[in-house]
Structures are given as C-alpha cells and as structure tokens.
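Here's a quick tour of how some helices pack in this chain, followed by its domains and the ligand surroundings. Have a look at the structure first.

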Amino acid sequence: MTNHGADSEVGRLRTVMLHRPGNELKRLTPRNNDKLLFDGIPWVSRAQDEHDAFAQALRDRDVEVLYLTDLLTETLQSESAREHAIAGAMGSLHLGDTLRAYLTRALHDQSPEELCAFLTAGVRNDEVQGGHGLVTSLLAHDDFLIDPLPNLLFTRDSSVWIRDRVAITSLAMPARERETQLTELIYTGHPRFAGTPKIHGWQREHVEGGDVLLLAPGVIAVGVGERTTPAGAERLARQVFGADLAHTVLAVPIAQERATMHLDTVCTMVDVDKIVMYPNVADSLQAYAVTVRDRNGNGDADLVLQVAEAQPFLVAAAKAMSIDTLHQIDTGLDPVTAEREQWDDGNNTLAISPRVAVAYERNIETNSRLEESGIEVVAISGSELGSGRGGPRCMSCPVTREPLPRP
Ligand SMILES: NC(=[NH2+])NCCC[C@H](N)C(=O)O
C-alpha cells in the first residue's frame, strides 16, 4: 500500500487528485447554470487547455497527478463497485420504477469507461431511446434523468485527507450531492487505496473540503457558513479527536453567501506561518477553538468537547499552532480591487511546498503582494476554469504531502 495522507496545507505536495473538465461542462446552459453552481457557460475546450496547463505545472514540479475519472474507471472494473455506482445514481426520485429498471439494465451493459462517462456527464431524457413509459413521456426532453456533475472539477470539496485518513465529505448543495458517492467508491474500491481508513461520509452532517484547512499538524480550521454546518463542524471535530488526528479544531464562521462559500475563498496557507487573506474580512474573522476536555469512553460521541470563547482568527490560530504569529500576507489592496480579486479566487492558492503556490495569473495585485512577501507564484490562467468560482486550491485534492518537520 502506498503511503497517502497530509498533515498540513504546505508540506511538499507529492500526489494530487484533479478532475479534467469533460462533457459534464457541456451540459451547462443559461437556464441551468445557477442551479449547477456556475456563473457562466465555460468554453469547454479552452477550460481543458487551461486545466492541462495546471496539471503540467504540477508535474513539472514533480507532483504526481491522478485523475478522478481514471481512478473511477479503474474502480468500476469490479462488479460490486459497478452495482454500488449504479444503485447510487438510480436513487433519484425523478425516475419512477419503469425508467429506473430500464436505466439500471442499460447501465449494467456499459463498459467501465462508458459507465464513468454517464455517472459524470449524466443522462438527459432525450438520450434515452424509445418510449419507456409515463415518466419519459412527460418529462421535458432536456430534463436530466441522471444529473451531470460539473462541479467535480473542484476535487477539494468531495474528499479531504487528514493525516492517513480520508474524509468523505457531505456536500450541501443538491447539485453536488452525488459527487461524494463517486469519491467514496474510489476510496473504497480502488486497489491503490485498499485499507485506507475513512472518516465522515456523505450520509452525515454537511462538511465540504473547501472549508477544511490543515493549518499545521494537529490544527484544523473549519469554515462554517453556506456549506459546512455547525453540526458538520462538530461531527468532524469529534472524529478527528477520536482518531487522534488533531488536538484543536478552529470553527470559523464565514458569511453565508456565494462569494465566501468556503473558508478557502477567503484565506489559504502559503507557508508554515503565512496565510494569504482577503483584507476585507481579515479584521473580523473569528474562531472558536474546540479541544477535548474529557474522554468519557471509547466512542467519538463520548468525547466531552471544550469550546473556547470566540477570538480573532489569527490570534486563535497562532495559539493553537504554537507559533508567535500567523502572518497575514498584507495584500494591502483597496477594497474594490480586493473584492474583485477575491471573487476571482485570488486568495485560493494551492501550495506545492512552503513559499511556492499556484495562483490564477489574473489576480495581478494579490500575486504581486505574495511575491513581495517571498512567495513564489506559479501562475496559471483560469479565464474559463474560473467560471465555476473556484481556484487552484478548489481544483485539487492533495492525496500525499510530505509531513512538515516537527518543531
Ligand atoms: N473549495 C472551493 N472554494 N470550491 C469552489 C466550489 C465552486 C462550486 N461551483 C460550488 O459552488 O460548489
């Protein structure tokens, strides 16, 4: 078994899981893009070129790139994985028994590659040949029988490695719910991940990976807002404490709105003690430090949690990380530029190692401040990729990072 896992946001990145945008993006129309959580209609081939350049920039720095669809196709070689996958996709209450039975049979006849394509790009009513009863006749021709998953691009959200465990997350928006059935299949069935212990799960309280920041070994910040719920943050805390994956969880309230859907839209780590942060929230961001007061028994539910009073985020974080200061990279931007660059994911960087971070090239001001602070910026273009509102961090799930040297 390969050693996978991560205990920080900045330890040398060795392996990352990406999703190359595919036919699921071709499903977006001006009528469904809001529901599918895109702000525009991307030019798909250009988005693929941009994504290929992103992957290449990582490979050029000796990062192994795994593609979600390759892992899924390999997983679907197994009959039991295929059954699970098909049953998951057939769970929708849109279908009715006649159509469900027909689709189940039809999907069983597909090769792993084809099945992977249907699971990711979905199936539209007019793609089903012949009349299959009342439901297909009454649904509109462009209704989806299996919804497409355009947000698979954002692999950060659908699973998170914490130390040697992988958390299958529970996504809050209906358009993304099914993504975690796929990540669960991969981590359960793919030989590469055999034996990996899992935590959380898509049936549990909402937690999205974009809200989970591994600030330092043992210290995890969890954004609580539009996506991760307070109960989700508590559940995750219990599990990481129960498995000894962390000693402190910082619950960080963020505004419940699209611009700040995840904690990683306002801040990301770029060094062991440096964070790039949206200046318009820097002064107001607060954190509740959660630790274990008592272990009454063996189960996660037996833990008695200690919740400290809210403190400024940077203060609470530095304390939990046992460092003097968590330096906020002073982006020093005027509020309007800051707001524009935050919207375009300027604060959403992916660290390859301490002080080396991938960022969208368009955020000129934020990037120049990063460079002035000694961070090497690996700039990628994201004019099309960005239409889903996600940057380099959202588009990557670190599978293996080298552990940071312990102080
Ligand atoms: N970690 C992140 N910030 N992910 C961005 C996800 C964007 C995606 N369109 C959504 O709304 O869910």
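Let's start with α2 and α8, whose axes come within 9 Å and cross at roughly 60 degrees. That angle makes α2 oblique to α8. As for handedness, α2 passes α8 in a left-handed crossing. On the α2 side, Leu71, Leu72 and Thr75 do the touching, and they meet Leu182, Leu185, Ile186 and Gly189 in α8. Sorted by class, the α2–α8 contact has five nonpolar residues, two polar ones and no charged ones. Keep in mind that this is a predicted model.

Helix α2 (residues 68–75) also packs with helix α5 (residues 112–121), and here the axes come within 8 Å, crossing at roughly 125 degrees. The angle is over 115 but not over 145 degrees, so α2 and α5 count as oblique to each other. This time α2 passes its partner α5 in a right-handed crossing. Thr69, Leu72 and Thr73 of α2 face Pro112, Glu113, Cys116 and Thr120 of α5 across the contact. The mix there is three nonpolar, three polar and one charged residue.

Then there's helix α3 (residues 79–89), which packs with helix α8 (residues 179–189) at about 170 degrees, the axes being 10 Å apart. An angle over 145 degrees counts as roughly antiparallel, so that's the label for α3 and α8. Ala81, His84, Ala85 and Gly88 make the contact from α3, while Gln181, Leu185 and Gly189 do so from α8. By class, you get three nonpolar and four polar residues, with no charged ones.

Here are the three pairs side by side:

| Helix pair | Axis distance | Angle |
|---|---|---|
| α2 and α8 | within 9 Å | roughly 60 degrees |
| α2 and α5 | within 8 Å | roughly 125 degrees |
| α3 and α8 | 10 Å | about 170 degrees |

Now for the domains. The assignment for the chain gives domain 1 (13–68 + 151–401) and domain 2 (93–146). Their C-alpha centres lie 33 Å apart. Where the two touch, six residues of domain 1 are in contact with five residues of domain 2. The domain 1 side of that contact splits into two nonpolar, two polar and two charged residues.

And which residues come nearest to the ligand? Of the 16 around it, those are Leu37, Gly210, His262, Gly390 and Cys394. The shell around the ligand is a mixed bunch: five nonpolar, six polar and five charged residues.

Technical notes: Residues are numbered from 1 along each chain as its sequence is written. This is a predicted model: local features need pLDDT of at least 70, side-chain atom pairs count only at pLDDT 80 or more; totals for chains, interfaces and linings use all residues. Axes are lines fitted to C-alpha atoms, for helices over the stretch in contact, and angles run from 0 to 180 degrees between N-to-C directions. Helices (H or I, at least four residues) and strands (E, at least two) are DSSP runs, numbered from the N terminus. Angles under 35 degrees count as roughly parallel, over 145 as roughly antiparallel, 65 to 115 as roughly perpendicular and the rest as oblique. A crossing is left-handed if the near helix is turned anticlockwise from the far one by less than a right angle, and right-handed if clockwise. Two residues are in contact if their C-beta atoms, placed from the backbone, lie within 7 Å. Ala, Val, Leu, Ile, Met, Phe, Trp, Tyr, Cys and Pro count as nonpolar, Asp, Glu, Lys and Arg as charged, and the others, Gly among them, as polar. A residue is near a molecule or strand if its C-beta atom, placed from the backbone, lies within 6 Å of it. Domain bounds come from an automatic or database domain assignment.
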